[in-house]
Amino acid sequence: PKVYGEENAAARVIITAKSTAWVEISSGEGNLLLTRLLNAGDSYRVPNQSGITLITGNAGALEIMVDGKKAPAIGEVGAVVRDVSLDPDKLNAGQ
């Protein structure tokens, strides 16, 4: 498995693929931070910045950890979701 965003060592939010999923992660300014296919076991350390959002083509394939604890699922396997806020508090609240 590959780790993307390794430079974000202190990341509060870590996204890990349980199975293959395409993801696109953008900053609050609209800059692409990551756009790729994550394979099972791959992970991305999200920078500790506000306004970061996620689009994915397989929401149920992603496990999101916030401060080392599993956040509520963002969708079902195969579900396309857009504009998911990667704000730690919103993720923990299931928003």
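In this predicted model, four strands make up an open sheet with the order S4-S3-S6-S9, and their pairing is antiparallel. Strand S4 (32–38) and strand S9 (81–85) are at the edges; each has a single partner strand, so one side of each is left without a neighbour in the sheet. From one strand to the next, the twist averages 15°.

Within this sheet, strand S3 (residues 21–26) and S4 run antiparallel and are joined by six bridges. The register can be read from one pair: Ala 21 stands opposite Leu 38 in S4. Ser 26 also belongs to strand S3. Its relative accessible area is 13%, and the limit for a buried residue is under 20%, so Ser 26 counts as buried. Leaving aside neighbours within four places in sequence, Ser 26 is in contact with Asn 31, Leu 32 and Leu 33, and also with Gly 51, Ile 52 and Thr 53.

A second open sheet contains five strands in the order S1-S5-S2-S7-S8, and here the pairing is mixed. Its edge strands are S1 and strand S8 (69–70), each of which pairs on one side only. The parallel sense is found between strand S1 (residues 3–4) and S5, which pair over two bridges. Tyr 4 stands opposite Tyr 44 in S5. S2 and S5, by contrast, run antiparallel and are joined by four bridges. Two residue pairs show how these strands line up: Val 13 stands opposite Val 46 in S5, and Ile 14 stands opposite Arg 45 in S5. In a regular strand, side chains alternate between the two faces of the sheet.

The next topic is the nonpolar interior. The largest nonpolar core has 24 residues, and those with the most contacts inside it are Ile 25, Leu 54, Leu 62, Ile 64, Ile 74, Leu 86 and Leu 91. At least two residues of this core come from each of strand S2 (13–17), S3, S4, strand S5 (43–46), strand S7 (62–66) and S9. Leu 62 gives a view of the surroundings of one such residue. Not counting residues up to four places away in sequence, Leu 62 touches Ile 15, Thr 16, Ala 17, Lys 18, Ala 21, Val 23, Leu 38, Leu 54, Thr 56 and Ile 74. Among these contacts are Ala 21 and Leu 38, the two residues that stand opposite each other in S3 and S4.

Charged side chains are the last topic. The structure holds two salt bridges. One is formed by Asp 67 with Arg 12, and the closest N and O atoms are 2.7 Å apart. Asp 67 lies in the loop between S7 and S8, and Arg 12 in the loop between S1 and S2, so the pair ties together parts that are 55 residues apart in sequence. Asp 67 counts as partly exposed because its relative accessibility is 44%; Arg 12 also counts as partly exposed, at 34%.

The other salt bridge brings together the side chains of Lys 70 and Glu 63, at 3.8 Å from N to O. Lys 70 has a relative accessible area of 58%, and the limit for an exposed residue is over 50%, so Lys 70 is exposed. Glu 63, at 24% relative accessibility, counts as partly exposed.

Conventions
Residues numbered from 1 in each chain as written. Predicted model: local features only at pLDDT ≥ 70, side-chain atom pairs only at ≥ 80, totals over all residues. Heavy atoms only, no water. Pairing = 2+ DSSP bridges. Axes fitted to C-alpha atoms, helices over the stretch in contact; angles between N-to-C directions. Core = buried A, V, L, I, M, F, W, Y, C linked by side-chain atoms within 4.5 Å. Buried < 20%, exposed > 50% of the residue type's maximum accessible area, 1.4 Å probe, protein only. Contact = heavy atoms within 4.5 Å. Salt bridge = Lys/Arg side-chain N within 4 Å of Asp/Glu carboxyl O.
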